[in-house]
Amino acid sequence: MSLLIRNGMKFRLKTILAFLIALLFAVPAASADDAFVAQADKDAREAVHDMEKDTEDAAHKLDPKDIIFEHLGDGYGWEVPFDHHHRIPLPVIVWASDGLHVFSSGRVTGGQTYRDGNLEFRIAGHDSPFKGKVVEVLPDGKEVKPAFDFSVTKNVCGVFISAILVLGLMFWLAGFYRRNGLKAPRKGLGAVESMLVFIYDTVIKSTLGKKAPKFAPYLLSVFFFIFAMNLLGLIVIFPGGANLTGNIAVTLVLAVITFLVTNLFGNKHYWKEIFWPDVPIWLKFPIPIMQFIEVFGIFTKPAALTVRLFANIMGGHMIVLVLTLLIFIFAAVSPAAGGGATVISVLFSVFMLLIDVLVSFIQAYVFTMLSTIFISLAQEEHAHDEAHAAEPAAHGAEAKTQTA
């Protein structure tokens, strides 16, 4: 009996000892499991954070197309140099569903929504069909474009600045001649006067002859206006930076003015050559082949003026922007590639800007020259008409000779 009791106590002691040993091994294992779970949770959190960061980086990833067209396009504010988060506000003037609304563009910059009276306004985002335009926001969130938008955008303000600059230069030059008679101006004003004389003598007077004084005010104004807009477009900071002549709407308006001047002041010989040209009869009747060609030519001339000026100025600005963006594109590949691209891009950008200064003058000169040629074609006198016009003068001279 005592032996059984003794053996039972030994069994119990062994069981308790085994349980204690198992407990000693189980506690570190449980701690190890807890540490593993904590490390796994930490890794998961870091992975989520990295994914969110990658998503944010992708959202702000360099998009050359958007950057180029943002700088070449119009806007409701003027960019502050080296700061893409702030803009110089300009007036927003829209005629919405309940009437006229006027407010600062600073109230709708950066995706903000502004309530003016009973309506809300904002600038449409990239996913909107009215991208970059001020829109009216309906209660259900739908965007509606106002009936009329008279806002003073960056391009509109740039046109005003260019016009004021040209008027200031011309009034300054006229005032100098009023004060000093025929004395030639010097320095900057002398350069303006030399350019004016060059355009008048070599382009306007040599083409239009005795009718040059009649059309010189318009032709000289359009030359200096285009030249001023071209040069202001090459300046990065305010009041420059507006891509005026790289905007086809601006060049179209200038070409339409030339079209109106050409056709409204065209003489009867000009219109005769359009509707009844001196060609074989079968080319103009019964099928008006030549009339169709001549009428079509009336509209191709302003179209050529529009596209020529727009394409050349737009191309020059785009080349400079692409060269600048190459720095950031190569820097994303490696620092060494970014450093090499920086040196090359800066050198080529400076070279292209110098070329663009020359192109600014050439394009203003070409537009003025073509406008002068188109106007002169509408003012050309027929040889038969000139002979009739010369007859009275010849008879008068003959009468004076006989009297003498």
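This section describes the strand pairing, salt bridges, aromatic contacts and nonpolar groupings of a predicted model.

The sheet is considered before the helical part. Strands of a sheet pair through backbone hydrogen bonds, either parallel or antiparallel. In this model, 4 strands make up an open sheet with antiparallel pairing, arranged in the order E5-E6-E7-E8. Its edges are strand E5 and strand E8 (143-144), each of which pairs on one side only. Strand E5 comprises residues 114-116 and strand E6 residues 119-123, and the two are joined in the antiparallel sense over 3 bridges. Together E5 and E6 form a hairpin with 2 residues between them. Within the turn of this hairpin, Gly117 adopts a positive phi of about 70 degrees. On the other pairing of E6, strand E7 (residues 134-137) runs antiparallel to E6 and is joined to it by 4 bridges. The register of this second pairing is illustrated by Arg122, whose bridge partner in E7 is Val135.

The structure contains 3 salt bridges. One of them accompanies the hairpin: Arg115 stands opposite Glu120 of E6, and the side chains of these residues form a salt bridge in which the closest N and O atoms are 3.1 Å apart. Both partners count as partly exposed, Glu120 with a relative accessibility of 27% and Arg115 with 48%. A further salt bridge connects Glu143 with Arg122, with a separation of 3.0 Å between the closest N and O atoms. This pair links distant parts of the chain, since Glu143 belongs to strand E8 and Arg122 to strand E6, 21 residues apart. Glu143 has a relative accessibility of 18% and therefore counts as buried, the limit being under 20%. Arg122, at 23%, counts as partly exposed. The salt bridge between Asp278 and Lys272 has its closest N and O atoms 3.2 Å apart. Here Asp278 is exposed, with a relative accessible area of 52%, whereas Lys272 is partly exposed at 35%.

Aromatic contacts were examined next. A pair of aromatic rings is described by the distance of the centres and the angle of the planes. The count for the model comes to 15 aromatic pairs. Among them is the pair of Phe215 and Phe265, with 5.9 Å from centre to centre and 90 degrees between the planes, an edge-to-face arrangement. Phe215 is located in helix H5 (residues 212-234), while Phe265 occupies the loop between helix H6 (248-264) and helix H7 (268-275); the pair therefore ties together parts that lie 50 residues apart in sequence. The two rings are contributed by residues of contrasting accessibility: Phe215 is buried, with a relative accessible area of 4%, but Phe265 is partly exposed, with 41%. In addition, one aromatic cluster is formed by Phe198, Phe223, Phe224, Phe227, Phe361 and Tyr365.

Nonpolar residues were analysed both in the interior and at the surface. In soluble globular proteins, nonpolar side chains tend to be buried together. The largest nonpolar core of the model has 39 residues, of which Ile204, Leu208, Leu219, Ile226, Met229, Leu254 and Phe367 touch the most other members. At least two residues of this core are supplied by each of helix H3 (154-180), helix H4 (187-208), H5, H6, helix H8 (289-333) and H9. The largest share comes from H5, which provides 14 residues.

At the surface, Val343, Ile344, Leu347, Phe348, Phe351 and Ile355 form a nonpolar patch. Together, these residues have about 580 Å² of accessible area. One of them, Leu347, is placed in helix H9 (residues 335-379) and is exposed, with a relative accessible area of 58%. Helix H9 is also among the helices that each supply at least two residues of the largest nonpolar core.

Note on methods
Residues are numbered from 1 along each chain as its sequence is written. This is a predicted model: local features need pLDDT of at least 70, side-chain atom pairs count only at pLDDT 80 or more; totals for chains, interfaces and linings use all residues. Side-chain values use heavy atoms; hydrogens and water are left out. Rings of Phe, Tyr and Trp (its six-membered ring) pair if their centres lie within 6.5 Å; planes under 30 degrees apart count as stacked, over 60 as edge-to-face and the rest as tilted. Buried means under 20% relative accessible area, exposed over 50%, partly exposed in between (1.4 Å probe, protein chains only). Two strands pair if DSSP finds at least two bridges between them. Patches are made of residues with over 30% relative accessible area and no salt bridge: like charges are joined within 9 Å, nonpolar side chains (Val, Leu, Ile, Met, Phe, Trp, Tyr) within 5 Å. Accessible areas come from the Shrake-Rupley method with a 1.4 Å probe; for residues, only the protein chains shown count as cover. A salt bridge is a side-chain nitrogen of Lys or Arg within 4 Å of a carboxyl oxygen of Asp or Glu. A nonpolar core is a set of buried Ala, Val, Leu, Ile, Met, Phe, Trp, Tyr and Cys residues joined through side-chain atoms within 4.5 Å.
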